[in-house]
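Student: I have a structure to study and would like to learn how to read its features one at a time. Could you guide me through it?

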Amino acid sequence: MFDPKLLNQLSESIGKTSTVVKGGTDTSEGKSCQLYTLPDTPTGNKTEMCVADLFPIRMVYTFGSLSTTVLLRDFNTTITLERPPL
């Protein structure tokens with residue numbers, strides 16, 4: 001459903017044409033975080049990042065009327081990838 005390569009492409013694109021605006025604070029999954037908005041002037045798209053403990057814990061990508069929310073958690077932990085049941 002979500003291609004990790006897309007995240008890299010979006011990050012590279014946003015880094016070249018957007019600015020960073022520090023906003024207020026919010027809460028994501030019970031954790032307080034600092035909001036940053038990255039408006040992309042050429043496209044009109046924007047990314048909102050919620051940062052806690054020096055890590056992004058929530059990113060919201062907005063493309064026109066479509067928004068995608070990515071939650072990031074459990075940094076530096078071991079993960080297990082398993083094939084879905086058939």
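Tutor: Let us begin with pockets: a pocket is an open set of grid points with protein on both sides within 12 Å along at least five of seven lines, and a volume is the space filled by probe spheres set on the points. Please keep in mind throughout that this is a predicted model. Here the largest pocket has a volume of about 160 Å³.

Student: Which residues line the largest pocket?

Tutor: The lining is made up of Leu71, Leu72, Arg73, Asp74, Thr77 and Ile79. Sorted by class, three of the lining residues are nonpolar, one is polar and two are charged.

Student: Now I would like to see the chain as a whole; what does its secondary structure come to?

Tutor: The protein chain has one helix and five strands, and reading along the sequence gives the pattern α-β-β-β-β-β. Of its 86 residues, 22% count as buried. Contacts can also be sorted by how far apart the partners are in sequence: among those between residues at least 6 apart, 17% join residues at least 24 apart.

Student: How should I read the pairing of strands, and how many bridges join E3 to E4?

Tutor: The idea is that two strands pair if at least two bridges are found between them. E3 and strand E4, which covers residues 55–63, run antiparallel and are joined by seven bridges; within this pairing, Thr47 has Tyr61 in E4 as its bridge partner. E4 goes on to pair with strand E5, residues 66–71, again in the antiparallel sense, over six bridges, and there Phe63 has Leu66 in E5 as its bridge partner.

Student: What lies between the strands of each hairpin, and which turn residues have a positive phi?

Tutor: The hairpin of E3 and E4 has two residues between its strands, and Asp53 in that turn has a positive phi of about 55°. The hairpin of E4 and E5 likewise has two residues between its strands, with Gly64 in the turn at a positive phi of about 60°.

Student: Why would a positive phi deserve a remark?

Tutor: Most residues other than glycine have a negative phi, so a positive value in such a residue is worth a remark. Leu54, in the loop between E3 and E4, has a positive phi near 70°, and this residue is exposed, because its relative accessible area is 83%. Glu29, placed in the loop between E1 and E2, has a positive phi near 50° and is also exposed, with a relative accessible area of 55%.

Student: Which cysteines are joined by a disulfide?

Tutor: A disulfide is recognised when two cysteine sulfur atoms lie within 2.5 Å of each other. By this rule the count is one disulfide, and the bond joins Cys33 to Cys50 with an S to S distance of 1.7 Å. The pair links distant parts of the chain, since Cys33 belongs to strand E2 (residues 31–39) and Cys50 to strand E3 (residues 46–52), 17 residues apart. The torsion about the S-S bond of Cys33 and Cys50 is about 65°, so the disulfide is right-handed. Both cysteines, Cys33 and Cys50, are buried.

Student: Is Ser28 buried or exposed, and which residues does Ser28 touch?

Tutor: A residue counts as buried under 20% relative accessible area. Ser28, which lies in strand E1, residues 21–28, has a relative accessibility of 6% and therefore counts as buried. Leaving out residues up to four places away in sequence, Ser28 touches Cys33, Ile57, Arg58 and Leu71. Cys33 is a member of the disulfide, while Leu71 is one of the residues lining the largest pocket.

Student: Where is Thr19 placed, and which residues is Thr19 in contact with?

Tutor: Thr19 is in the loop between helix H1 (4–17) and E1, and its 47% relative accessibility makes Thr19 partly exposed. Setting aside neighbours within four places in sequence, Thr19 is in contact with Thr37, Leu38 and Pro39. From C-alpha to C-alpha, Thr19 and Tyr36 are 9.9 Å apart in space, and they are 17 residues apart in sequence.

Student: Where is Pro42 found, and what separates its C-alpha atom from that of Thr17?

Tutor: Pro42 is found in the loop between E2 and E3 and is exposed, with a relative accessible area of 62%. The C-alpha atoms of Pro42 and Thr17 are separated by 7.2 Å, although these two residues are 25 residues apart along the chain.

Notes:
Residues numbered from 1 in each chain as written. Predicted model: local features only at pLDDT ≥ 70, side-chain atom pairs only at ≥ 80, totals over all residues. Heavy atoms only, no water. Helix = DSSP H or I, 4+ residues; strand = E, 2+ residues; numbered from the N terminus. Buried < 20%, exposed > 50% of the residue type's maximum accessible area, 1.4 Å probe, protein only. 1 Å grid on protein atoms, 1.4 Å probe; cavity = no way out; pocket = protein on both sides within 12 Å on 5 of 7 lines; lining within 4 Å. Nonpolar A, V, L, I, M, F, W, Y, C, P; charged D, E, K, R; others polar. Contact = heavy atoms within 4.5 Å.
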